[in-house]
Amino acid sequence: MTDAPMTARAASTATAGDILSSHLTALASAFLRALPLAVGEVGARPGASVVPSEGTADLLRAVRRINGLLNTFSASFEPLWGQESRTELAWLLNLLALEPGYVRRSARLLGALDGLSGSEAEGPGMLAGHAGAPKARALLDRQLTLARTRAHSTVLQELRSARLHALADRMTLLVAEAPLAASADDRAGAVLVPQAAAAFGALAASAQQLPLQRTATPYGGDGLRRLGSVPGARGALDADAALAADDAPWHRTRVLVKRARYALEVCGRPSAVLDELDLVLLRHQEASEAAVTAATAARTPRITPATAYVLGVVHADQRLEVEAARYAFGRRWPELPPGSEAWLDLPPAEGWGAAAESRTA
């Protein structure tokens, strides 16, 4: 099966199975090309770069898109095969994201602390000269390095497991033929557009549940003081749980933004706007996770009050980053088309059956 875009005439008669098989063939091929590179990269070095190596990054892109496609268009695949594939792909996605996540978190937190404790041309940071800053930095660096090393060992072990080999075999078979349901024999527009519309409906419903009224100003002080309908916290662990519950709808919305992005790609309508929203919500998630790490470090036994104070300032700084990302999302979301029909009625950028290969490179 060719990966090249179909002609307009062929696209008008293509079945949903033709379109899905074309995309899955390209994505599974990208998966199989990137897998040995990623395994070699992980085996050669513990993570040291904020950006994943080329093979790992390509593999992550392919896994995300295959998983998103199988979630959004699940009705077009054999149910048991689809469920098993989604489970295995989610496992690999979480595994591959583990070590780069710690590397980015380390860069974010240490960079924030350096900025707060440094003396720039614009003036000194609020922690400049503070006695606890060097110790707080050393503590964060030590804890995150240990977490990254453990994650690296876990990834290295799992990338040699029978489970990964079984998933690779599944992708090899997918290159040849996707296990489609009978409904995939119908015309692409009649089958795929309603499923893509459902993905946009889920995204719109999720966005409507977000407390955008609390993020209407650039400085989210209200968001820092009040957590909406989350029950009041009674201690440190309760406070962590309250913040996690407040962040969870935003994390869920990011997942739905990704699925909507990938649905548009299958429909031949890639959207730079959704790419932008995805990056905003990625910034939100990384700042949220960094704040949790700073709060956890501040509860390390036997550290000095000065060190704990500095870590508390870093925690507050990251929560401000969370509020800034929410403000950016709230500014952009109301400007978008109000319903899935507006997105799916846009003129196709490439047409049904456009190759997914260019978007996984």
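This report covers the overall build, the largest pocket, two helices and three single residues of a predicted model.

## Overall build

The protein has 361 residues, and 48% of them count as buried. Its secondary structure consists of twelve helices and two strands. Read from the N terminus, the order is α-α-α-α-β-β-α-α-α-α-α-α-α-α. The two strands thus come one after the other, following four helices.

Among contacts with a separation of 6 or more, 80% join residues 24 or more positions apart. The exposed surface of the protein is about 16,900 Å². Carbon and sulfur atoms make up 58% of that surface.

## The largest pocket

The largest pocket holds about 1,200 Å³ of space. Its lining counts 38 residues, of which Arg64, Leu93, Ala97, Arg254 and Lys258 are the closest to the centre. Four elements each give two or more residues to this lining: helix 3 (54–72), helix 4 (79–117), helix 9 (236–266) and helix 10. Helix 4 gives the most, with eleven residues.

What classes of residue make up the lining of the largest pocket? There are 16 nonpolar, seven polar and 15 charged residues.

## Helices 3 and 5

Helix 3, one of the elements in the pocket lining, has 19 residues. From first to last C-alpha it reaches 27 Å, close to the 27 Å expected at 1.5 Å a residue. Helix 3 is mostly covered, with 15 of its 19 residues buried.

Helix 5 spans residues 132–158, which is 27 residues. How far apart should its end C-alpha atoms be at 1.5 Å a residue? The expected span is 39 Å, because the rise applies to one less than the number of residues. The end C-alpha atoms are 39 Å apart, so the model agrees with the expected span. Buried residues in helix 5 include Gly132, Ala136, Leu140, Leu144, Arg148, His152 and Val155. Ala133, Leu139, Ala147 and Ala151 are buried as well.

## Two buried residues: Ser288 and Glu88

Ser288 sits in helix 10, which covers residues 272–298. Is Ser288 buried or exposed? Its relative accessibility is 4%, so Ser288 counts as buried, the cut-off being under 20%. Beyond its neighbours within four places in sequence, Ser288 is in contact with Asp247, His251, Arg319 and Val322. Glu323 lies 35 residues away from Ser288 along the chain, and the C-alpha atoms of the two are separated by 9.6 Å.

Glu88 belongs to helix 4, the helix that gives the most residues to the pocket lining. Its relative accessible area is 19%. That value is under the 20% cut-off, so Glu88 is classed as buried. Glu88 touches Arg163 and Leu167, leaving out residues up to four places away in sequence.

## Arg302, an exposed loop residue

Arg302 lies in the loop between helix 10 and helix 11 (305–332). Its relative accessible area is 81%. The cut-off for exposed is over 50%, so Arg302 counts as exposed.

The backbone at Arg302 also deserves a look. Most residues other than glycine have a negative phi. Phi of Arg302 is near 65°, a positive value in a residue other than glycine.

Note on methods
Residues are numbered from 1 along each chain as its sequence is written. This is a predicted model: local features need pLDDT of at least 70, side-chain atom pairs count only at pLDDT 80 or more; totals for chains, interfaces and linings use all residues. Side-chain values use heavy atoms; hydrogens and water are left out. Buried means under 20% relative accessible area, exposed over 50%, partly exposed in between (1.4 Å probe, protein chains only). Contact means heavy atoms within 4.5 Å. On a 1 Å grid over the protein atoms alone, a cavity is a set of points where a 1.4 Å probe fits but cannot get out, and a pocket is an open set with protein on both sides within 12 Å along at least five of seven lines; lining residues have an atom within 4 Å of a point. Grid points are joined across faces, edges and corners, and a volume is the space filled by probe spheres set on the points. Ala, Val, Leu, Ile, Met, Phe, Trp, Tyr, Cys and Pro count as nonpolar, Asp, Glu, Lys and Arg as charged, and the others, Gly among them, as polar. Accessible areas come from the Shrake-Rupley method with a 1.4 Å probe; for residues, only the protein chains shown count as cover.
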